[in-house]
Amino acid sequence: MSGPSTFQQLIDDDAKVEANDWMPDHYRAHLVRQIAQHAHSEIIGMQPEAQWITRAPSLRRKAILLAKVQDEAGHGLYLYGAVETLGTTRDDVLDRLHRGAQKYSSIFNYPTLTWADVGAIGWLVDGAAITNQIPLCRCSYGPYARAMVRICKEESFHQRQGFELLQTLCNGTVQQRDMAQDALNRWWWPTLMMFGPPDGASIHGAEAFQWKIKRFSNDELRQRFVDHTVPQAELLGLVIPDPDLRWNSDTDHFDFGEPDWDELTRVINGDGPCNDERLAVRVQADADGQWVREAASVHDDRRSARSEPAA
């Protein structure tokens with residue numbers, strides 16, 4: 001496939017663009033930015049929960065949390081692999097992350113203060129991720145869409161384990177129920193902000209729709225998440241911290257309050273509770289692993305040299 005007209009026809013036919021196909025430079029750049037941000041979010045997102053691995057209240061909970069954090073690492077690897085199909089190296093996008101030239105999801109700049117936060121992240125944050133990512137399984141770029149199929153299946157498990165963890169707390173002591181409610185109070189609004197700014201405020205939205213990278217707007221996805229999550233909160237016996245939340249029988253949707261968009265802007269721009277900490281841990285981990293990468297490179301070079309035919 002080659003040429004702009006053929007490319008757009010492929011998009012209009014709901015076919016998949018593959019790595020070797022012709023694509024506009026803006027399409028390629030948009031995908032690199034979006035997929036890299038997604039990959040960075042998976043890797044940075046390991047940190048808030050990993051802090052609780054050694055403090056999990058039981059061996060069962062520790063095993064579940066270890067598996068979840070391991071899954072997030074795998075998601076990052078799938079996505080970095082998808083970025084590399086676009087001609088950008090993993091080292092390049094990681095360097096951009098470390099220099100602050102690329103972003104990751106704002107939600108991971110909030111602290112996990114109690115064990116209930118692990119449940120809130122699974123239930124709310126991964127629930128929002130599923131809402132946002134299921135449409136990406138139909139993304140026009142084939143390698144990204146295929147990576148999302150497995151990621152969404154694993155995120156579904158994460159959402160269920162988070163809900164089950166909070167359900168256990170809500171059926172426990174008064175202190176445990178209060179801890180679950182406190183976690184919901186702190187994570188609800190940052191989770192709604194995960195979907196991005198309100199419609200019309202995004203500078204990348206129009207092209208994403210034209211190229212079928214994105215299928216639904218930020219506000220549509222946010223509404224879908226609220227509609228799915230409010231009944232789950234009722235099952236838990238928890239109260240959504242939004243005085244404006246109510247069912248609208250005219251629209252068959254929940255009405256809800258406006259997130260603090262100024263806070264979202266501050267966190268994205270580096271002024272969140274944990275921005276510096278999250279990035280510093282990531283940069284240090286990269287530096288600590290440099291010797292492993294160098295050793296692996298030397299091993300590959302020697303193996304290649306042994307396999308080369310003698311002159």
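Guide: Let's start with a rule: a residue is buried under 20% relative accessible area, exposed over 50%, and partly exposed in between. Keep in mind that this is a predicted model.

Visitor: Okay, so why is D182 called partly exposed?

Guide: D182 has 32% relative accessibility. Partly exposed is the label between 20% and 50%, so D182 counts as partly exposed.

Visitor: What makes D182 and R186 a salt bridge?

Guide: The rule asks for a side-chain nitrogen of Lys or Arg within 4 Å of a carboxyl oxygen of Asp or Glu. For D182 and R186, the N to O distance is 3.0 Å, so the pair fits the definition. Both residues sit in helix α8, four residues apart, which is about one turn of the helix.

Visitor: Which other residue does R186 meet in a salt bridge, with 2.6 Å from N to O?

Guide: That's D117. This pair ties together distant parts of the chain: D117 is in helix α6 (residues 115-133), R186 is in helix α8 (residues 174-193), and 69 residues separate them.

Visitor: Are D117 and R186 buried or partly exposed, and why?

Guide: D117 has 0% relative accessibility, so D117 counts as buried. R186 has 25%, so R186 counts as partly exposed. The cut-off for buried is under 20%.

Visitor: How do you know that R90 and E84 meet in a salt bridge?

Guide: Their side chains come to 3.4 Å, N to O, and the limit is 4 Å. As for accessibility, R90 counts as partly exposed because its value is 28%, and E84 gets that label because its value is 36%.

Visitor: How many salt bridges does the structure hold?

Guide: The structure holds 18.

Visitor: Let's turn to N275. Why is N275 called buried?

Guide: N275 has 9% relative accessibility, so N275 counts as buried; the cut-off is under 20%. You'll find N275 in helix α12 (residues 275-288).

Visitor: What does N275 touch?

Guide: Leaving out residues up to four places away in sequence, N275 touches Y104, N109, V267 and G270. N275 and S106 are 169 residues apart in sequence, yet 8.7 Å apart in space, C-alpha to C-alpha.

Visitor: Which backbone atoms does the side chain of N275 reach, and what makes these polar contacts?

Guide: The side chain of N275 reaches the backbone oxygen of V267 at 2.9 Å and the backbone nitrogen of G272 at 2.6 Å. The cut-off for a polar contact is 3.5 Å between N or O atoms, so both distances fit within that limit.

Key: Residues are numbered from 1 along each chain as its sequence is written. This is a predicted model: local features need pLDDT of at least 70, side-chain atom pairs count only at pLDDT 80 or more; totals for chains, interfaces and linings use all residues. Side-chain values use heavy atoms; hydrogens and water are left out. Helices (H or I, at least four residues) and strands (E, at least two) are DSSP runs, numbered from the N terminus. Buried means under 20% relative accessible area, exposed over 50%, partly exposed in between (1.4 Å probe, protein chains only). Contact means heavy atoms within 4.5 Å. A polar contact is a pair of N or O atoms within 3.5 Å; within protein, one must be able to donate a hydrogen and the other to accept it, and residues adjacent in sequence count only if both atoms are side-chain atoms.
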